[in-house]
Protein chains: 2
Amino acid sequence: MKTILILGGGKSSIFLIDFLADTCLPKERKLILADLNLDQAKSKLKNKPNTEAIPLDIENENERKKLIARADIVVSMLPAIMHPIVAKDCLLLGKHFFSASYESESMKSLKSEIESKGLLFLNECGLDPGIDHMSAMKIIHDAKSKGEKILSFKSYCGGLLAPFSEDNPWKYKFTWNPKNVVLAGQGTSRFIEKGDLKFVPYQQVFKRIENIHFDRLGEFDGYPNRDSLSYRKVYGLEEIQTMLRGTLRRAGYCKAWDVFVQLGLTDDSFQLEMPEGSNLRQFLNAFLPYNKDLSVEEKLAEAIPDMDFPTFEKIQWLGFFGNRELPLTKGSPAAILQAILEEDWALNPEDKDMIVMQHLFEIKTTEGIKKVSSSLVVFGNDSIYTAMAKTVGLPLAIAIDLFMDKKINITGLHIPVIPEIYNPILTKLEEFGIKFMEKG
Amino acid sequence: MKTILILGGGKSSIFLIDFLADTCLPKERKLILADLNLDQAKSKLKNKPNTEAIPLDIENENERKKLIARADIVVSMLPAIMHPIVAKDCLLLGKHFFSASYESESMKSLKSEIESKGLLFLNECGLDPGIDHMSAMKIIHDAKSKGEKILSFKSYCGGLLAPFSEDNPWKYKFTWNPKNVVLAGQGTSRFIEKGDLKFVPYQQVFKRIENIHFDRLGEFDGYPNRDSLSYRKVYGLEEIQTMLRGTLRRAGYCKAWDVFVQLGLTDDSFQLEMPEGSNLRQFLNAFLPYNKDLSVEEKLAEAIPDMDFPTFEKIQWLGFFGNRELPLTKGSPAAILQAILEEDWALNPEDKDMIVMQHLFEIKTTEGIKKVSSSLVVFGNDSIYTAMAKTVGLPLAIAIDLFMDKKINITGLHIPVIPEIYNPILTKLEEFGIKFMEKG
């Protein structure tokens, strides 16, 4: 009996666990779920046959290695920083390794050793990265096989709220790591447009947005991700004239978020200390110029010349003009902002999230330039069975299932950009309603 | 015969060397100048009696320690990163230590050991930090002794050009480390204004300027330095309502420089590669949104809504709308910008620089609130005997001379904020024309 070991049973692993646990009896496999929190791991396994929950402190090297030694396949759902450590254990003990995270430089350095041991290390097999690669590569390979040329490729993805739950002016709540949301866009975004390299610093990134439309959902803001240039090589599009990967927010979000960026409230590089008992209004005021004759609202309007009512309303809704006490008075501006937002942007139990992804291609064909858009919309079932958990966990679960069934026969270090991997996964994902709609 | 060892004979050490070398014969001292470049060191000593130039690679621990062992007093004119290393050598070998650089945390950690060995380690004894501390503390101590209370203290300093040499629209050339000028303002500036903490991120710092006036020189922009809050303690002004330290540029400079900040050209956090042979116009274009219908000039005007002619003219004067080839195509945006500016902002041999410093106090007296301004203006003699070298080097040289003459009798770790140190130095500096003009 082959054994699958899942390390980390956090929020986004529920679909992964369910899918793999359900294969254990019919396919004669064993599933071990190791987590710091044993009760949580047990409850996620629901006493399904051939499954076992084990408490594990991942920093305990001995325990970790003992556990990995028992498995045939290891899935890391741990924070990204842990992947290289687990991957090295797997290499040492001769185990296959799967993750939904970016293939890091340290992972890449293991490539030849992975190959020589005949193992499969598959990373970037979640949503973004994951489904984005698979769905895009299918279109790219299809075009290339017809002798067509990709002139332009833009790809946007967002983890948002189902319209049903868009009950605040931001149309946003945290469905993902809040810290990543607060720090999103930091660094300089790089892409190529009509052959020109483009560099967008943090203080511009939420201004340089593209309007993205989804049928039946309406309008979204798309802002460029940090590094789109390196994907030219990954996708075999070295000669492409336009290539941009970006993130989606509801229309209007970026303009309002940019207020925090411009004023410095998202700065994570230094620690400040507000007087005990300070309120949100005082916190905002600390980032505005001193002017004894103006109110906070007036100073804000002066500091942000293109302030409009929808933007003002969003800031107001969060409580920044009122006297609610700061949930945190000591920390970086970003940490204090996050603490505020975690109160305002918490999911209710009845909330449903939504994943949206859109690829926009311009393809040179014998009949001229063809525009193709391919869109994915996935709704969550509830605040546990989220669209995020579904789209991150299922591609990974399906990849593991196919590999164990020998329907994916490949070894080495990979991301899912090759047809042998992405074709069967995409086919299976459609059974779960994860299906792109193409318009050409 | 006591021996002074100067480590590093770079640009800003000429007045320091001249002053101390000239004391060697009358006061029976020896001066050693150690530098990587022996010829440069020799030429700076001009064969004056009791002086010796020695070649030294400061990274060579053995040689360095051997040399320090020969000295009684060590002056570090090395890059700031070397000070703690040299300071530790001095502590080990029982030598006094002087520098014009900030007292670092690692320097502070040596405090009790310095005291127990009866040594003097005097840092921040140059211009800024240095003359700023001394001149401000004189006013602060004077007010306190009269029972007055400092309500507000703002202090600005700039290393600029004598009006004589202001022959470009920026009224600026490099008289100081170009990299520091390009990266100036990065991080978040912190100060206190009328009792309110104020935080200004990089993307706001060149907008939040104060107009500063100097008699006979005219108008300057003052922007806040990174950390003004910690100086409350240094100056014994823990209760002060307004405290700000800032940097001066000629009026209009900050608005134009902010264009580079907003577009991301001062970013030092990632490496880019422009195609070989790219010109300045193409480099600027890489930071502007794509728009096939607009010229670079038009895109710039759209990206920077408050662009005015004086700002446009400054960017144009640097060559950003023309086809001059980039002096560097690979590096961070900041490194490429610096390479461009080093061509445009190079001092001519006939250029003269200028140091301006201004303290602005509001002091509560028995007769009401008194406003006091105290201003310093120093011109350079030429491009070697600069105002920068004079104002950095002379306070340090005078401090050493006074200490060796036992006119400063103090040991321990210090910066020049105590009357015993600053009074005799300020008096002596007046002989060299370094004298504040007070208006009350």
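In the predicted model, helix 1 (residues 14-24) of chain B packs against helix 16 (residues 387-404) of chain B at an angle of about 30 degrees, the two axes lying 7 Å apart. Because angles under 35 degrees count as roughly parallel, helix 1 of chain B is described as roughly parallel to helix 16 of chain B, and the crossing of these two helices is right-handed. On the side of helix 1 of chain B, the contact is formed by B:I14, B:F15, B:L16, B:F19, B:L20 and B:T23, while helix 16 of chain B contributes B:A389, B:K390, B:G393, B:L394, B:L396, B:A397, B:I398, B:I400 and B:D401. By residue class, this contact comprises 11 nonpolar, two polar and two charged residues.

Helix 11 (residues 253-263) of chain B is largely enclosed by the rest of the structure, since 10 of its 11 residues are buried. The buried residues are B:Y253, B:C254, B:A256, B:W257, B:D258, B:V259, B:F260, B:V261, B:Q262 and B:L263. Helix 11 of chain B is followed by B:G264, for which phi is positive, near 100 degrees.

At the level of the assembly, chain B is superposed on chain A by a rotation of 180 degrees with 0.0 Å of shift along the rotation axis, the RMSD being 0.0 Å; this is the relation of a two-fold axis. The same surface serves both copies, in that 97% of the contact residues of chain B recur in chain A. Among the residues of chain B, B:Q203 comes closest to the rotation axis, with its C-alpha at 3.2 Å.

Key:
Residues numbered from 1 in each chain as written. Chains lettered and ligands numbered in written order. Predicted model: local features only at pLDDT ≥ 70, side-chain atom pairs only at ≥ 80, totals over all residues. Heavy atoms only, no water. Least-squares fit on C-alpha atoms with pLDDT ≥ 70 in both. Contact = heavy atoms within 4.5 Å. Axes fitted to C-alpha atoms, helices over the stretch in contact; angles between N-to-C directions. Helix = DSSP H or I, 4+ residues; strand = E, 2+ residues; numbered from the N terminus. Parallel < 35°, antiparallel > 145°, perpendicular 65-115°, else oblique. Left-handed = near helix turned anticlockwise from the far one by under 90°. Nonpolar A, V, L, I, M, F, W, Y, C, P; charged D, E, K, R; others polar. Buried < 20%, exposed > 50% of the residue type's maximum accessible area, 1.4 Å probe, protein only.
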